[in-house]
Amino acid sequence: MKNKHRETKRTANVNVTSEIAGLLFNLQCGKISIDDVSEDIQEMARKFDILRKHESYCRIWQATDGRWKTKLPDENAKNKCRLIAKTSKEDLATKIKLVARN
């Protein structure tokens with residue numbers, strides 16, 4: 001199980017790297033401005049920071065049913081946290097980001 005968790009972190013780093021590479025390519029082609037790239041990189045950094053902080057609280061994993069899962073704090077739940085599941089890791093990250101803002 002530990003190897004799968006390491007693979008998840010490695011995949012996240014590759015996704016961020018490929019997003020930055022895509023932004024730089026579009027910048028070189030003149031399709032976007034440096035301000036657009038700067039804003040997108042700042043947003044990616046915020047998202048990455050939120051996910052990193054969340055993973056220090058609770059891990060993110062892909063279950064046998066193919067869905068991505070984690071636990072989020074919930075004061076109304078019996079054990080003060082609740083399990084959430086999303087079909088993609090990006091959807092799960094969006095949910096974590098929304099909860100982190102509140």
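These notebook entries record what I looked up in a predicted model of one protein chain.

**Overall fold.** I began with the secondary structure and found three helices and three strands in the protein chain. Reading from the N terminus, I noted the order of elements as α-α-β-β-β-α.

**Burial and surface.** I then turned to accessibility. The protein chain has 102 residues, of which 23% count as buried. I recorded an exposed area of about 7400 Å² for the chain, with 53% of it supplied by carbon and sulfur atoms.

**Contact range.** I looked up how far apart in sequence the contacting residues are. Among contacts in the protein chain with a separation of 6 or more, 32% are between residues 24 or more positions apart.

**T70.** I located T70 in strand β2, which spans residues 68-73. Is T70 buried or exposed? Its relative accessible area is 0%, so I entered T70 as buried. I next listed its partners, leaving aside neighbours within four places in sequence: T70 is in contact with H54, C58, R59, I60, W61, R82, L83, I84, L92 and I96. For H54 I noted a further detail, namely that a polar contact of 2.6 Å joins its side chain to that of T70.

**K80.** I placed K80 in the loop between β2 and β3, the latter covering 81-86. I checked its backbone and found phi near 70°, a positive value in a residue other than glycine. How does K80 count in terms of relative accessibility? I entered K80 as partly exposed, because its relative accessibility is 45%, a value in the range between the 20% limit for buried and the 50% limit for exposed.

Technical notes:
Residues numbered from 1 in each chain as written. Predicted model: local features only at pLDDT ≥ 70, side-chain atom pairs only at ≥ 80, totals over all residues. Heavy atoms only, no water. Helix = DSSP H or I, 4+ residues; strand = E, 2+ residues; numbered from the N terminus. Buried < 20%, exposed > 50% of the residue type's maximum accessible area, 1.4 Å probe, protein only. Polar contact = N/O pair within 3.5 Å; in protein donor to acceptor, adjacent residues only side chain to side chain. Contact = heavy atoms within 4.5 Å. Areas by Shrake-Rupley, 256 points an atom, 1.4 Å probe, with all protein chains shown as cover.
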